[in-house]
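Please look over the structure shown below with two topics in mind, the surroundings of the ligand and the packing of nonpolar side chains.

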Amino acid sequence: MPAVLRVALPVPLPTLFDYLPPPAGEACVGARVLVPFGRGKQVGVVVAVDAEATVGRGRLKQALRLLDDEPLLDSELMQSLAWAADYWLGAPGEAYANALPLALREAKPLPAIGDEYWSLTDAGRSARDAGSRRGASRMLLDLLAAGALSAQELNERHPGWRVAARRLAGTGLLERSERPPLDRPLPPSFAPQLNDEQQQAVAAVGASLGQYQPFLLDGVTGSGKTEVYLALIEQVLAQGKQALLLVPEIGLAPQTVRRLRQRLGVIVEVLHSNLSEGDRARAWLRARAGTARVILGTRSAMFTPLPQAGLIIVDEEHDSAYKQQEGFRYHARDLALVRGRALDVPVVLGSGTPSLESLANAEAGRYRTLHLRARPGATRPPQVQIIDMRAQRLEHGMSPALLAAVADTVGRGEQALVFRNRRGYAPVLLCHACGWHADCPRCDRPLTLHAGRRQLICHHCDYRQRLPLVCPTCGAGDLKPQGQGTERLEEALTAQFPLLPVLRVDRETTRRRDAFEQLLATLKDDQPAILVGTQMLAKGHDLPNLTLVAIVGVDEGLHSVDFRASERLAQLVVQVAGRAGRARKPGRVVLQTHQPEHPLLRSLLAHGYAAAARELLAERQLIQLPPYSHQVLLRADAPQREHVDEFLAAAHAALPQGDQLQIAGPMPAPMPLRAGRHRGQLLLEAAHRRALHGMLRAWQLALTALPAARRVRWSLDVDPIDLY
Ligand code: ADP
Ligand code: ZN
Ligand code: ZN
């Protein structure tokens, strides 16, 4: 009988909790347990048994009930989670809460992991024969008349079937059942003959199966990275192992799932935060059971159990979506490497624009680099041209040369993408009479004009107000939108090209789950069209008839206060440019700027991303910025400025003495006010990670104990990827 159970609970406290074992059952590490907590109950994960109690046994409460007879989280996952919680300074319980789908954090038995099937009951058959139902009910009864169908099949044939199914089940006409998942082998589709570089990449990673080895697969969009992943996953499946493939966004998942399924002929389990909680829990449990062998997911899928792990792939590894920016601030790419090491499997990081962190790791010999330089489908890489827009007559921000390029393209019957990374109509609304402009009262930043909604919206805090008709200061009716967002470009291009479809793709036009896919599906054919959009358009989505990418403005990115802005800008420009000319037609890219001589743009366009990245890395090394130093950012905010200042001053004073740390601040955040809260920060830097991490836990505990901490909201961000 163990003395105590040490339990991780999903509460934001940096501690574990001790309980006496429950009345029945033998607790094991990795199992869930229901415990009393405060005035309620919580589901926790047993982290240790037999531990020495930190307080007298007499003061310990008893756990109520064991929820699992065997570990739900295996020892590798437990270890990796403990590592992650420690490294990113998470509360241990929060790390476990991130790993477990919500449905598994409830005190209920585990859901069955078979496939969900629906069929007619006898009553249902009679009702169908009697023809007494109409509409969706009728449709569903007809669909099921030939036999049971899985939820997945129903989703494909009749989205929205669930409402009718519930109604009919309620009256006893339908029944739901679970069956073990079938690996319905689809005939695997034909794989292209890999070119030399692809073969070398597959051979290199293939030779490392069964051991930990990170690879950086460096190849632009369209260079055939996915074909390399597919060939490797095939090998892994042949060995009876599991493969995990991470993509940065849900938007990229559907097309990748289709491609994986068609090629590999196995079920691809999908894990992302847009799934229903039940589906998510089932997918997670199937991975744990080993029945899911190919798992595709976004950031949080990095916490999937992989008892038969064979390979981990992180696609678009440079993407900042891999970093969680709230709560438990982990980085899924970095966690992939930790798990790869623990699981003894190779980790492939793929990107056409690798992060400077990964490039530095490759340079230091920690990663092996594999290059894909040839573009299998395309004739040649797109031609890039800078348009000097100084002193040009602009049409809603677009220069004559840019518009001419668009006209040329659509004139040939091809498609053009006009890129502007800014939603809305205009980023500023200005009074021409008195100089007033509309600012967010809660952030002190300009409000964005959204003309279609007749609103001014703050893109930082979502504050909204009606569009004023006259200037609130001087009463003049001369309010002028300044600058351009995608909405304005859409309007201007529609006016210029009235006979062509102009499609806008940004967060506003694609709010619905599948709207993005549908919008892009309309472009699959060979008709001329113009696409206007934000960075949503930068990735994935093969549009064979798209031959021009026109970049309207990137100048904001050239003078940001964030030292990572240049890296991001270079990545974005290259990714967007990569949309042009993916099929047999050659592509063209035009980029208009007021700073045609800017060194970053020059080197990017003359020598490509690799050269620009080398220069950026040299700069970082010179001034000792990451990846050549390590940072931790303490952020604090509160309704009152003084409370932030007091807390940060106390936090500063609580730092250990010594010359290992460079300290910047306390200082206001780059955005000192947001959503009505004052924001400040303290940045710690050290040349060596150990110097930093050695003191962090103690400091974090000291901060928790500060009286000033109670008046602010604060967080620690290890390896922050932005300083906002
Ligand atoms: P990436 O993942 O780097 O964007 P993909 O693997 O999607 O690139 O390849 C881009 C296109 O080229 C796809 O349509 C793919 O089927 C095709 N392709 C990739 N490799 C080859 C090859 N060796 N031979 C012929 N076509 C290929
Ligand atoms: Zn005015
Ligand atoms: Zn605001």
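In what follows, Ala, Val, Leu, Ile, Met, Phe, Trp, Tyr, Cys and Pro count as nonpolar, Asp, Glu, Lys and Arg as charged, and the others, Gly among them, as polar. This is a predicted model, in which local features need pLDDT of at least 70 and side-chain atom pairs count only at pLDDT 80 or more, while totals for chains, interfaces and linings use all residues. Residues are numbered from 1 along each chain as its sequence is written, and side-chain values use heavy atoms, with hydrogens and water left out.

**Ligand surroundings**

- Ligand 1 is surrounded by 16 residues (a heavy atom within 4 Å), and the closest are Gln 198, Gly 222, Lys 225, Thr 226 and Arg 259.
- That shell divides into four nonpolar, eight polar and four charged residues, and helix H8 (residues 225-238) gives the most to it, with three residues.
- A side-chain N or O atom of Gln 198 is 2.8 Å from a nitrogen atom of ligand 1, whereas a polar side-chain atom of Thr 226 lies 2.5 Å from an oxygen atom of the ligand.

**Nonpolar packing**

- The largest nonpolar core (buried nonpolar residues, under 20% relative accessible area with a 1.4 Å probe, joined through side-chain atoms within 4.5 Å) has 110 residues, and those with the most contacts inside it include Leu 73, Ile 312 and Trp 699.
- Apart from that core lies another, of 32 residues, among them Ala 201, Ala 204, Leu 209 and Leu 232.

How values were computed. Chains are lettered from A and ligands numbered from 1 in the order in which they are written. Buried means under 20% relative accessible area, exposed over 50%, partly exposed in between (1.4 Å probe, protein chains only). A polar contact is a pair of N or O atoms within 3.5 Å; within protein, one must be able to donate a hydrogen and the other to accept it, and residues adjacent in sequence count only if both atoms are side-chain atoms. Helices (H or I, at least four residues) and strands (E, at least two) are DSSP runs, numbered from the N terminus.
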